[in-house]
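Let's go through this one by question and answer. Have the fold open while you read.

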Amino acid sequence: MNTRHTHLVKVHDLSIAFPGVRNPDPVPVVKNIEFGIRDGEILGLIGNSGSGKTMTAMAIAGLLPDSARIISGRISFAGENLLTMNRRRRRMMLGSDIGVIFQEPSTALDPLCKV
């Protein structure tokens with residue numbers, strides 16, 4: 001991994017939307033979020049239910065539902081734009097370089113396996 005970059009993960013001006021139910025215009029669920037994580041840092045996302053924490057994490061991991069659309073922004077990992085990276089390369093990063101532990105870790109993690 002190239003350590004020249006200021007941030008290992010950089011989310012810049014990220015907006016995510018879903019199609020509207022009665023209106024064809026997309027409905028934003030994440031609006032213009034921005035943060036950076038340096039190597040060795042830990043970031044916790046907190047907020048009310050429905051505030052976009054999970055959608056933000058899923059966008060970074062490339063796991064958004066098919067109906068979701070990133071309508072603006074950039075997500076970079078070690079200086080590479082994840083949003084323009086080919087699917088195969090991005091999939092290879094999942095689990096080895098990028099991972100998400102969702103709200104109920106007891107259902108997502110094996111208690112007998114070291115993390």
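Q: How far apart are the mean positions of the positive and negative charges of the chain?
A: A word on ground rules: this is a predicted model, where local features need pLDDT of at least 70, side-chain atom pairs count only at pLDDT 80 or more, and totals for chains, interfaces and linings use all residues. Residues are numbered from 1 along each chain as its sequence is written, and side-chain values use heavy atoms, with hydrogens and water left out. For the charges, Lys and Arg count as positive and Asp and Glu as negative, while His and the chain ends are not counted; each charge is placed at NZ of Lys, CZ of Arg, CG of Asp or CD of Glu. With 14 positive and 10 negative charges in the chain, the two mean positions are separated by 4 Å.

Q: In what order do the elements of the chain run from the N terminus?
A: Helices (H or I, at least four residues) and strands (E, at least two) are DSSP runs, numbered from the N terminus. By that count the chain has 3 helices and 4 strands. Its C-alpha trace spans about 45 × 35 × 30 Å along the principal axes. Read from the N terminus, the elements go β-β-α-β-β-α-α.

Q: Which strands stand at the edges of the sheet?
A: Strands pair here if DSSP finds at least two bridges between them. The 4 strands make an open sheet, ordered β2-β1-β3-β4 with antiparallel pairing. A strand with a single partner has one side left without a neighbour in the sheet, so the edges belong to β2 and β4.

Q: How many bridges join β1 to β3?
A: Start with the other partner of β1: a hairpin of 6 residues leads from β1 to β2, and 8 bridges join these antiparallel strands. Val-11 stands opposite Phe-35 in β2 and opposite Ile-75 in β3. Between β1 and β3, also antiparallel, the number of bridges is 7.

Q: Is Ser-15 buried or exposed?
A: Ser-15 lies in strand β1, residues 9–19. Contact means heavy atoms within 4.5 Å, and leaving aside neighbours within four places in sequence, Ser-15 touches Val-30, Lys-31, Asn-32, Arg-69, Ile-70, Ile-71 and Ser-72. The scale is under 20% relative accessible area for buried, over 50% for exposed and partly exposed in between, with a 1.4 Å probe and protein chains only. Ser-15 has 6% relative accessibility, so the label is buried.

Q: What is the relative accessibility of Asn-32?
A: Asn-32 is one of the residues in contact with Ser-15, and it is found in strand β2, residues 26–37. Its phi is near 50 degrees, a positive value in a residue other than glycine. Asn-32 counts as partly exposed because its relative accessibility is 48%.

Q: Where is Ala-78 found, and is it buried or exposed?
A: Ala-78 is not a glycine, yet it has a positive phi of about 50 degrees. Its place is the loop between β3 (69–77) and β4 (80–81). At 12% relative accessibility, Ala-78 counts as buried.

Q: How many residues apart are Lys-10 and Glu-34?
A: A salt bridge puts a side-chain nitrogen of Lys or Arg within 4 Å of a carboxyl oxygen of Asp or Glu, and the side chains of Lys-10 and Glu-34 meet in one at 3.7 Å, N to O. The pair links distant parts of the chain, with Lys-10 in strand β1 and Glu-34 in strand β2. Lys-10 is partly exposed at 26% relative accessibility, and so is Glu-34 at 44%. Along the chain, their separation is 24 residues.

Q: Which residue forms a salt bridge with Glu-80?
A: A search of the whole structure finds 2 salt bridges. In the one with Glu-80, the closest N and O atoms are 2.6 Å apart. Glu-80 is partly exposed at 31% relative accessibility, and its partner is also partly exposed, at 38%. That partner is Arg-89.

Q: What share of the residues in the chain is buried?
A: Of the contacts with a separation of 6 or more, 53% come from residues 24 or more positions apart. The chain holds 115 residues, and the buried share is 25%.
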